[in-house]
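Hello,

Here is the structure I promised to pass on. Please open it first, then read my notes below.

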Amino acid sequence: MSSTGAFQDFTSIATHNLDPALGLNAGNGIRTGAQYREGLRDGRSIWLGGRKIEDVTAEDGFRGGVDTLAALYDQQHSGSFRDSMTTLDADGVRISASYLAPTSKNELLHKRKNTEVWSEATLGYMGRFPDFCANLVVGLRNAAPYLAEFNSRLADNAGRYLDYCARNDLSLTHALNDQFFDRTKSANEQHDPDLILRVVSEDDTGIVVRGLKNLATLSPICDEALVYPNRPRTTDEVDQSIAFAIPMNAPGLHVICRDAYGAGRDSSRLPLSTRFDEIDATLIFQDVKVPWDRVFIYKNPALVSQLIGLINPPWSGYVTLIRLVAKLEAFVGVLELLCRYDGKAGYPPIAMRLGEIVRDVSVLKACLRAMEEDARMTDAGYLKPAASDAYRLFGVEASERAVQIMEDVAASALIPTGSEADCEIPEIGGLATSWFKGASPSAARQMRLMALAGDMTQSSFGARTQLYERFHMGPPDLIKQRLYRNTATEAWVHRIESFIDNF
């Protein structure tokens with residue numbers, strides 16, 4: 001079957017079939033941190049506060065996130081981490097386990113170990129580290145046979161893209177949101193037809209797209225973007241019904257960034273903001289050419305409306321819960337140290353509150369085990385974790401609960417009034433060193449801990465991160481409605497009917 005749209009004859013499409021040897025790492029598998037950095041120096045168009053960022057690897061506010069990811073790329077080559085973070089593909093090339101499409105429980109557990117390394121190194125605060133979108137590409141590979149029912153050539157692209165990304169160890173983002181348009185009107189009824197990303201022309205080599213996508217977290221410091229809608233397309237939104245992948249340095253692609261939370265800040269005062277900020281951004285497509293071998297869905301409203309459901313939940317939802325466990329464990333660790341240094345460790349009211357977070361960690365770990373034990377083979381031949389909206393909803397609530405408990409227990413300790421730099425001031429350094437110490441091993445340790453706790457909950461970075469936890473898988477209220485609609489409750493209703501009929 002052909003895709004809906006003007007261009008029906010796909011047999012003449014020129015394609016390189018996404019040859020991995022043509023990628024950033026020439027198909028050689030896992031990259032080093034230096035190779036990751038070099039891949040970002042590719043002439044991309046990055047804008048922040050009215051100025052162009054010439055080199056994101058050296059730019060204040062961007063550099064911390066780059067350094068963090070580069071260290072994790074290097075860690076893949078370390079003897080103590082290599083077996084957990086990498087695997088060999090069918091051709092014997094060593095790739096990141098993030099790109100492993102599991103066919104057995106052992107391979108699924110291998111993916112879990114890899115995600116735990118990424119998550120624990122970042123305290124669960126990088127929701128868009130490369131491991132996340134890599135698992136969307138696993139979902140894309142899994143969906144390829146279904147896509148083939150609509151167009152075999154484009155489905156072949158979807159299947160091949162996983163090998164291309166894995167063999168070049170790419171860092172990806174995804175760009176989903178339509179924004180800044182009148183939501184009472186369809187895409188073609190807007191005052192400007194380019195407000196929502198659309199196809200404006202096509203030829204034998206590819207399509208040309210124009211418009212906007214938001215929010216593309218990590219886009220300034222990643223290699224490529226997966227682009228597709230996060231809302232259904234109507235039958236009259238054919239030109240907007242597309243899905244594709246694009247390098248971040250594609251001609252005509254502009255990346256407009258929000259403020260960098262760590263720019264100009266002392267890393268000892270904002271240790272998370274300066275290390276883990278992934279930089280959210282808007283993508284502006286100014287007549288960007290997308291080669292046919294990078295197009296996965298073309299002018300097909302019904303199919304593109306199903307894409308999130310096809311590729312999102314199984315593996316990306318699995319790694320999201322793994323990351324969230326690491327984040328909640330970090331909350332417990334920080335709170336326990338704060339209480340020890342403040343002489344409040346063991347107080348029953350505090351133990352009760354910390355017990356709430358520990359309970360949530362235990363429940364989420366049980367959810368992960370259920371996802372693994374109930375995993376099933378897909379039609380494409382991959383082992384799919386048993387994803388559930390209920391697990392994700394519990395994770396959202398657990399994350400918000402942890403923030404509330406941190407604020408209740410730590411209270412004013414979340415507003416650090418001193419830093420290590422104060423200990424170096426000749427006039428007051430000695431006093432700060434003595435009086436900020438408390439029961440901690442040193443004043444520096446106490447100040448760093450308070451700075452970390454404050455950054456987790458009180459900073460712009462901390463607030464943004466919690467907003468992300470709440471909405472990145474969709475509005476919780478809509479997820480609750482979907483969970484109810486998709487749950488078979490008729491037996492429960494019949495049980496009650498039988499009970500009341502036999503009073």
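**The sheet**

Four strands make up an open sheet with mixed pairing, and their order is S5-S8-S9-S12. Strand S5 (172-175) and strand S12 (295-298) are at the edges. Each has a single partner strand, so one side of each lacks a neighbour in the sheet. From one strand to the next, the twist averages 20 degrees.

S5 and strand S8 (residues 224-227) run parallel and are joined by four bridges. Look at His174 there: its bridge partner in S8 is Leu226.

Which helix packs on the sheet? That is helix H5 (residues 130-148), which touches S5, S8 and S12. The direction of H5 makes about 65 degrees with that of S5.

**Confidence**

Keep in mind that this is a predicted model. The protein chain has a mean pLDDT of 94, and 97% of its residues reach 70 or more. Residues 1-7 need care: pLDDT stays under 50 there. The model has 25 contacts beyond four places in sequence for residues 1-7. Where pLDDT is low, predicted coordinates should not be read in detail.

**Aromatic rings**

How many aromatic pairs are there? The count comes to ten, taking ring centres within 6.5 Å as the cut-off.

Trp292 and Tyr298 are one edge-to-face pair. Their centres are 5.1 Å apart, with 80 degrees between the planes. Are these two rings buried or exposed? Trp292 is buried, because its relative accessible area of 1% falls under the 20% cut-off. Tyr298 is buried too, at 0% relative accessibility.

Phe499 and Phe503 also form an edge-to-face pair. Here the distance is 5.3 Å centre to centre, and the angle between the planes is 90 degrees. Phe499 is exposed, as is Phe503. So the edge-to-face arrangement occurs with buried rings in Trp292 and Tyr298, and with exposed rings in Phe499 and Phe503.

There is also an aromatic cluster, formed by Tyr36, Tyr73, Trp118 and Phe129.

**Charges over rings**

One ring of that cluster, Tyr73, has a charged residue over its face: Arg31, at 5.4 Å from the ring centre. Elsewhere, Lys327 lies over the face of Tyr125, at 4.7 Å from the ring centre.

Best wishes

Key:
Residues are numbered from 1 along each chain as its sequence is written. This is a predicted model: local features need pLDDT of at least 70, side-chain atom pairs count only at pLDDT 80 or more; totals for chains, interfaces and linings use all residues. Side-chain values use heavy atoms; hydrogens and water are left out. Two strands pair if DSSP finds at least two bridges between them. Helices (H or I, at least four residues) and strands (E, at least two) are DSSP runs, numbered from the N terminus. Axes are lines fitted to C-alpha atoms, for helices over the stretch in contact, and angles run from 0 to 180 degrees between N-to-C directions. Contact means heavy atoms within 4.5 Å. pLDDT is the predictor's confidence in each residue, from 0 to 100. Rings of Phe, Tyr and Trp (its six-membered ring) pair if their centres lie within 6.5 Å; planes under 30 degrees apart count as stacked, over 60 as edge-to-face and the rest as tilted. Buried means under 20% relative accessible area, exposed over 50%, partly exposed in between (1.4 Å probe, protein chains only). A charge sits over a ring if NZ of Lys or CZ of Arg is within 6 Å of the ring centre and within 35 degrees of the ring normal.
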